[in-house]
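Please find below a colleague's note on the structure under review. It is set out as numbered points.

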Amino acid sequence: MKFKLNWGAGIVVAIIVFMSFIITLSVKMLNNNTELVRKDYYQIAENYQSRIDARNNLTESGFSPQIKNSSNQITISWDPSLGKPNKANLYLSKPDNQKLDIELSSFHLSDSNELIFNINKLESGIWNLECIVMVNSTEYFFSKKLIIQ
């Protein structure tokens, strides 16, 4: 049996397919999570120049921190010629789940000049690490992507 479709029925089918496509896109758009990347997004945007200056301070020093991750701590190597850190803030953000973001300000400076931050076990996936280290009155900033397996 041969099915024959006239032009009127073809237009109706095309309109129904198009409407289904538009409705599907609308539902997906409305269910999309539109949270800001960070809760203090606007405050960070206002202080962006100071962050650029802190990144430039680290670049000018010629030092590139090495990051090691274990199950319960993150260790960041620090150059002793830059001085002993007074303060350090570490921010770990998971791009696909804002609820897992971690901000740490307490650290331990080891004898081998490493900043050690104690953390709970991180969920596997991609994490963005941002660290601001204060030495006397000079700020140093760096950021890295971590892949936790």
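The points that follow concern one helix, a group of paired strands and one histidine.

1. Status of the model. The structure is a predicted model, and its local features are reported where pLDDT is at least 70. The points below should be read on that basis.

2. Extent of helix H3. Helix H3 covers residues 48-61, 14 residues in total. From its first C-alpha to its last it reaches 20 Å, close to the 20 Å expected at 1.5 Å a residue. After the helix comes Gly62, which has a positive phi, near 80°.

3. The buried side of H3. Which residues of H3 are buried? They are Arg51, Ala54 and Leu58. Viewed down the helix axis, the buried residues of H3 fall within an arc of 60°, so they line one face of the helix. An arginine, Arg51, is thus listed among the buried residues of this helix.

4. Packing partners and the opposite face. The buried residues of H3 pack against three elements: helix H2 (41-46), strand E7 (125-135) and strand E8 (138-148). On the face turned away from the buried side, H3 carries Thr59 and Glu60, both of which are exposed.

5. Strand E2 and its first partner. Strand E2, residues 73-77, is mostly covered, with four of its five residues buried. Strand E1 (residues 67-69) runs antiparallel to E2 and is joined to it by three bridges. Within this pairing, Asn69 stands opposite Ile74 in E2. The connection between E1 and E2 is a hairpin through three residues.

6. The pairing of E2 with E6. E2 also pairs with strand E6 (residues 114-118), in the antiparallel sense and over five bridges. Here Ser77 has Glu114 of E6 as its bridge partner. E2 therefore has bridges to E1 as well as to E6, by the bridge criterion that two strands pair if DSSP finds at least two bridges between them.

7. The setting of His108. His108 belongs to strand E5, residues 108-109. Is this residue buried, exposed or partly exposed? His108 is partly exposed, with a relative accessible area of 48%; the class follows because partly exposed lies between the limits of 20% for buried and 50% for exposed.

8. Contacts of His108. Leaving aside residues up to four places away in sequence, His108 touches Glu114, Leu115 and Ile116. One of these, Glu114, is the bridge partner of Ser77. The C-alpha atoms of His108 and Asn118 are separated by 8.6 Å, the two residues being 10 residues apart along the chain.

Technical notes: Residues numbered from 1 in each chain as written. Predicted model: local features only at pLDDT ≥ 70, side-chain atom pairs only at ≥ 80, totals over all residues. Heavy atoms only, no water. Helix = DSSP H or I, 4+ residues; strand = E, 2+ residues; numbered from the N terminus. Buried < 20%, exposed > 50% of the residue type's maximum accessible area, 1.4 Å probe, protein only. Contact = heavy atoms within 4.5 Å. Expected span 1.5 Å × (residues − 1). Arc of directions from axis to C-beta.
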